[in-house]
Amino acid sequence: MAAISRLLRSTTSIPYLAGKSFSSAVASQAPSYNTPFLHPKPQFPRKDPRDRNVQWIFLGCPGVGKGTYASRLCKLLGVPHIATGDLVREELASSGPLSAQLSDIVNQGQLVSDEIIISLLSKRLAAGEAKGESGFILDGFPRTINQAEILDGVTDIDLAVNLKIREDVLLEKCLGRRICSECGKNFNVASINIKGENGSPGIMMAPLLPPAQCMSKLVTRADDTEEVVKERLRIYYDMSEPVEEFYRSQGKLLEFELPGGIPESWPKLLQALNLDDYESRQSAAA
Ligand SMILES: [Zn+2]
């Protein structure tokens, strides 16, 4: 499990895939915005925005809940939710061309390179397009400025949603994570209720409690200690700042501070995205 989480915190520390034209092409060229630098041409969709669904990315530190919000939005908008963590897990579980290489990387405790991640993502998007999918929301990608630049070279991103939450709340949330040792489901025992003061709003987040049969089997992940969580956040902020700046400079960054748990945050997020009457507009148009 520790190996997997190391793997998912990917950076650029391992060599490119030997003999793979995709990655060697990436390796040999600096990222560029307009030139197709990959050979063979990647199968990323690059279409007129009017002819396709949204192409968004979700940024946000570990524990902020981007997976939850990304997945809800995907259901609403009818686009695939593509989480790079899932792609890595799926490839590892498959007999795909990268799985042997990936398991070597994991077993040696190394980090997965941007190029492998891009390659998995490219494959996923191509498969989706072949099935008639349009648009996507990416979750967990791009994680580094290098990934952002590569992505920019191969597809158009309309919007980068940066989910944020007060750090004290985040820390409490992370420390409240529990996993059921029997069924493997994730829960959260933190119950956050901070009163507003000096004009700043309060924040409430309900715990996500397990059903009775899991209650006595809850365990805390070894890497959910205060020290480790803080270190994880520090690494995240260092890595994500240039990524945020990259999208900010393109006028594509939407900063969204979560005002609480899902019941408080979801309607406000929809407002911020101009989607608050999306469902009624859709049914009116139908
Ligand atoms: Zn359970």
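Here are some short exercises, with worked solutions, on the predicted model shown above.

**Exercise 1. Find out how far the model can be trusted, and where to be careful.**

Step 1: Start with the whole chain. The mean pLDDT of the protein chain is 81, and 84% of its residues reach 70 or more.

Step 2: Look for a weak stretch. Over residues 1–43 the pLDDT is below 50. That stretch still has 89 contacts in the model beyond near neighbours in sequence.

Step 3: Decide what to do with that. Where pLDDT is low, the predicted coordinates should not be read in detail.

**Exercise 2. Get an overview of the chain: how many helices and strands does the secondary structure come to, and what share of the residues count as buried?**

Step 1: Count the elements. You get 12 helices and 10 strands.

Step 2: Check burial. Of the 286 residues, 43% count as buried.

Step 3: Look at the contacts between residues at least 6 apart in sequence. Of these, 73% join residues at least 24 apart.

**Exercise 3. Work out which residues coordinate the zinc ion, and where they sit in the chain.**

Step 1: List the donors. C180, C183 and C214 each offer an SG atom, at 2.2 to 2.3 Å.

Step 2: Read their spacing. Along the chain the donors follow C-x2-C-x30-C. C180 belongs to strand β5 (residues 177–180) and C214 to helix α9 (residues 212–215), so this pair, 34 residues apart, links distant parts of the chain.

Step 3: Ask about burial. C180 and C214 are both buried.

Step 4: Follow β5 into its sheet. This is an open sheet of 3 strands in the order β6-β5-β9, with antiparallel pairing. Its edge strands are β6 (186–188) and β9 (218–219), each pairing on one side only. Between β5 and β9 there are 2 bridges, and C180 has L218 in β9 as its bridge partner.

**Exercise 4. Take strand β3 and describe its side chains and its partners.**

Step 1: Sort the side chains of β3 (residues 136–139). F136 and L138 point one way, I137 and D139 the other, and all are buried. This is the general pattern: in a regular strand the side chains alternate between the two faces of the sheet.

Step 2: Find one partner. Strand β1 (residues 55–60) pairs with β3 in the parallel sense over 4 bridges. F58 has D139 as its bridge partner in β3.

Step 3: Find another partner. Strand β2 (residues 81–83) runs parallel to β3 and is joined to β3 by 3 bridges. Here H81 is matched with I137.

**Exercise 5. Which side of helix α5 do its buried residues S99, L102, I105 and V106 share, and what comes just after the helix?**

Step 1: Place the buried residues. S99, L102, I105 and V106 are buried in α5 (residues 99–107).

Step 2: Look down the axis. These residues cover an arc of only 120°, which puts them on the same side of α5.

Step 3: Move on past the helix. Just after α5, G109 takes a positive phi of about 70°.

**Exercise 6. Explore the buried interior through Y247 and L170.**

Step 1: Begin with the largest nonpolar core. This core has 64 residues, and those with the most contacts inside it are L73 and Y247.

Step 2: See what Y247 touches. Leaving aside neighbours within four places in sequence, its contacts include I57, L59, P142 and L253.

Step 3: Turn to L170, in helix α8 (residues 167–175). L170 has a relative accessible area of 1%, so it is buried, the cut-off being under 20%.

Step 4: Name some contacts. Not counting residues up to four places away, L170 touches C61, P62, L233 and Y237, among them.

**Exercise 7. Spot the unusual backbone geometry at P142 and N274.**

Step 1: Recall the usual case. Most residues other than glycine have a negative phi, and most peptide bonds are trans.

Step 2: Check P142, in the loop between β3 and α7 (145–154). The peptide bond from F141 to P142 is cis, with omega near -5°.

Step 3: Check N274, in the loop between α11 (262–272) and α12 (278–285). N274 is not a glycine, yet has a positive phi of about 65°.

Step 4: Is N274 buried or exposed? Its relative accessible area is 58%, so N274 is exposed.

How values were computed:
Residues numbered from 1 in each chain as written. Predicted model: local features only at pLDDT ≥ 70, side-chain atom pairs only at ≥ 80, totals over all residues. Heavy atoms only, no water. Core = buried A, V, L, I, M, F, W, Y, C linked by side-chain atoms within 4.5 Å. Buried < 20%, exposed > 50% of the residue type's maximum accessible area, 1.4 Å probe, protein only. Contact = heavy atoms within 4.5 Å. Donors = N, O, S within 2.8 Å, 3.2 Å for Na, K, Ca; no water. Arc of directions from axis to C-beta. pLDDT = per-residue confidence, 0-100. Pairing = 2+ DSSP bridges.
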